[in-house]
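Student: I'm new to this one and keep tripping over the labels people use. Could we go through some of them and check what backs each one up?

Tutor: Happy to. Let's have a look at it together.

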Amino acid sequence: MTDKTYTVEGVKAGAPAEATDDLIAWVTEQANLAKPDSIYWCDGSDEEWTRITDDMVKTGMFTRLNPEKRPNCFLARSLPSDVARVESRTFICCEKEEDAGPTNHWADPKEMKATLHKVFDGAMRGRTMFVIPFSMGPVGGPISQLGIELTDSPYVTVSMRIMTRMGKAALKLISEGKPWVPALHSVGYPLRDAEGNTREDVPWPCNDLKYITHFPETNEIISYGSGYGGNALLGKKCFALRIASTMARRDNWMAEHMLILRLTQESTGKQFHVTAAFPSACGKTNLAMLQPTISGYKVETVGDDIAWMRPGPDGTLRAINPEAGFFGVAPGTSYKTNPMAMDTMRANTIFTNVALTDDGDVWWEGIDAPLPDHLIDWQGNDYTPADAAAGKKAAHPNSRFTTPASQCPIICPDWEAPEGVPVNAILFGGRRATNVPLVAEQYEPAHGVFIGASVASEVTAAATDVKAGSLRHDPFAMLPFCGYNMADYWGHWLDMQKELGDKFPKIYQVNWFRKDENGKFMWPGYGDNSRVLDWIVRRADGAVDAIDGVTGRYPKFEDFNLEGLDIDKVKWDKLFAIDPDAWEAEMDDTEKYFSQFGDKVPAAINEQLAKFRERIAAARKAA
Ligand code: GTP
Ligand code: SPV
Ligand code: MN
């Protein structure tokens, strides 16, 4: 596309006719700094996808999978130093440090821009800079937003084609003057230095020095040094969560780390929409594509990771999925645990850091197929059952599939409805081996916000620099993703509840991960989580009572559908057991956690903490 020409570093470059002068000026400025050899404007076409992926196969960045088993699918292997988000190198750059808050890494915007200017100087030498216009949410929708990512990574470019609405239609809206978020990205591995010395490219270029930076006051994103996931696909966590959460606060909406699903009650045809926030790698994709094990319900997927929610004209809260694809955790995904995800990724999918079978298919720990005699592991080495016996993993624990949402067999017919779906219930969960019961309903709206604010979860492999397995606070599953002060964010939730009144969805705490004294999960999880949804729907209908408890309102054993499960009253009581001492300790810890936010903690949240302590005291007395 070379309808317009302009000059970069004294060299003529082209742009499509829709590119405005402002946009060309911005692209030119970044190109003069990063100094790519060429600039390519993406149109989002199939032909473009084929050309770029063919090229990547030629250069060795991609391995083409067996076209008979996985048509139009590719495998990428990253470096061990670049396998997940790096929270310690993620920065919120705003004028006042307190606006980033104690849970974010803060940097002064001017100083950070100066630092980035240095590392970006010449960062793209020897490479192509891709210009990626994209829409988060259906193009032109009232809740949707536009952006442009500049990147020197073809991997990022083709991934953005799956994860966002990328190309011509988004550019057209930008050319008409719609606001857009600039997002600059480089892997930080130029192929030539300032003196003209060259080096060969590598299959996974990146840099040991990494910066993932956000400027919420000017809606800008700049990312350097990583090519992986949320560090590099800037529409996802950087835009749709960190920048969008600050936009949402200013503009009265919500940007959340949540899946969205539709549950249809087959007997009545009634639809019920649920959103759920769980920390990274804690089961959002699984729940979003749930196959109910009880009869009478159908689940359809709207989104698996991010929800943008706005009050609709009828006063209900409406949610859209701003993404167009799923970037899902591969290990543990199988026809047993998530058949719909397995079917989604049969074609047109990018696999990153999974193992390769001798017949050109993929393999990972927990997939249906047994461990073959030979594999190529995620680092490109031979892998045999002896390696497995030695405890080595064939696929990286944070290996992922990048796949179009439209291919999901149970994608909701309204998943692209521009005005979103009305939300009826909101779930918060995490991996909790102890303390937290299977399900609890809020006592009142502020209690719901308290439930979100006090989420803690065992850390997974989704970030490289946090100790896996340890328990950490992850309020609203937004700890790594909130673009402003976390306590102000709780205040924003309380404000939204006030605005919507009775229409604001009821909040539930769930935990699929409680373990017994032998370290075994007590709840079967997966498809059986439909039983929890069933109870929530019947609560909404006013069809069942609940029992008031310490953490919230619990189902009665006799009301809950346990048909076909090996769960008697004894086991059930263990799933809901409350140890007052353990909860006292947990509340002490929560209070200490809250105290770092000082007087920013909303009064309503401190009140909920006090009420919680009263309920513990009452439980002690009753015991
Ligand atoms: P991000 O994409 O990182 O935000 O995470 P996610 O929340 O979408 O994670 P995902 O659904 O991919 O989580 C996968 C992990 O959760 C796998 O290890 C699953 O086996 C596990 N998991 C999901 N649902 C359940 C469940 O109901 N019970 C148990 N025990 N494990 C589950
Ligand atoms: C998460 O870590 O919550 C993810 C994966 O969804 S990434 O996009 O890499 O952040
Ligand atoms: Mn996520």
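Tutor: Let's begin with His257, in a model that is predicted. His257 has 1% relative accessibility, and buried means under 20%, so His257 counts as buried.

Student: What makes Lys237 buried or exposed, then?

Tutor: Use the cut-off of 20% again. Lys237 has a relative accessible area of 5%, so Lys237 is buried.

Student: Where do Lys237 and His257 sit in the chain?

Tutor: Both help hold a metal: the manganese ion (ligand 3) is coordinated by Lys237 (NZ), His257 (NE2) and Asp305 (OD), at 2.2 Å. Lys237 is in helix H8 (residues 235-251), while His257 is in the loop between strand E14 (254-256) and strand E15 (259-265). They are 20 residues apart, and the pair links distant parts of the chain. The spacing of the donor residues in sequence reads K-x19-H-x47-D.

Student: How do you know that those atoms are donors of the manganese ion (ligand 3)?

Tutor: The cut-off for N, O and S atoms is within 2.8 Å of the metal. The atoms from Lys237, His257 and Asp305 are at 2.2 Å, so they qualify.

Student: Why is the site of the manganese ion (ligand 3) called octahedral?

Tutor: For six donors, opposite ones must be over 155 degrees apart and all others between 65 and 115. This site has six donor atoms with angles of 75 to 174°, and it is classed as octahedral.

Student: Which residues are around ligand 2?

Tutor: Among them are Lys237, His257 and Asp305, which we just met at the metal, along with Ser280, Arg85 and Phe481.

Student: What makes the approach of Ser280 to ligand 2 a polar contact?

Tutor: The pair must be N or O atoms within 3.5 Å. An N or O atom in the side chain of Ser280 is 2.5 Å from an oxygen atom of ligand 2, so the pair passes. Lys237 has a polar side-chain atom 3.0 Å from an oxygen atom of ligand 2, and for Asp305 the distance is 3.3 Å. The protein covers 98% of the 290 Å² of accessible area that ligand 2 has on its own.

Student: Which residues come nearest to ligand 1?

Tutor: Of the 20 residues around ligand 1, those are Ala281, Lys284, Thr285, Arg400 and Tyr526. A polar side-chain atom of Tyr526 lies 2.5 Å from an oxygen atom of ligand 1, and a polar backbone atom of Ala281 is 2.6 Å from one. Taken alone, ligand 1 exposes 670 Å², and the protein buries 91% of that.

Student: Why is helix H5 (residues 154-163) called largely enclosed?

Tutor: Nine of its ten residues are buried, so the rest of the structure largely encloses it. Tyr155, Val158 and Ile162 are among the buried ones.

Student: What caps the N-terminal end of H5?

Tutor: Ser153 does: a side-chain oxygen of Ser153 lies 3.3 Å from the backbone nitrogen of Tyr155.

Student: How do you know that the radius of gyration agrees with a compact globule?

Tutor: With 623 residues, a compact globule would have a radius near 25 Å; the protein has 24 Å, so the two agree. Of those 623 residues, 61% count as buried. Overall, the protein has 17 helices and 34 strands.

Technical notes. Residues numbered from 1 in each chain as written. Chains lettered and ligands numbered in written order. Predicted model: local features only at pLDDT ≥ 70, side-chain atom pairs only at ≥ 80, totals over all residues. Heavy atoms only, no water. Donors = N, O, S within 2.8 Å, 3.2 Å for Na, K, Ca; no water. Tetrahedral: all angles 85-135°; square planar, octahedral: opposite > 155°, others 65-115°. Helix = DSSP H or I, 4+ residues; strand = E, 2+ residues; numbered from the N terminus. Buried < 20%, exposed > 50% of the residue type's maximum accessible area, 1.4 Å probe, protein only. Near = heavy atom within 4 Å. Polar contact = N/O pair within 3.5 Å; in protein donor to acceptor, adjacent residues only side chain to side chain. Areas by Shrake-Rupley, 256 points an atom, 1.4 Å probe, with all protein chains shown as cover. Rg over C-alpha atoms; globule rule 2.2 N^0.38 Å.
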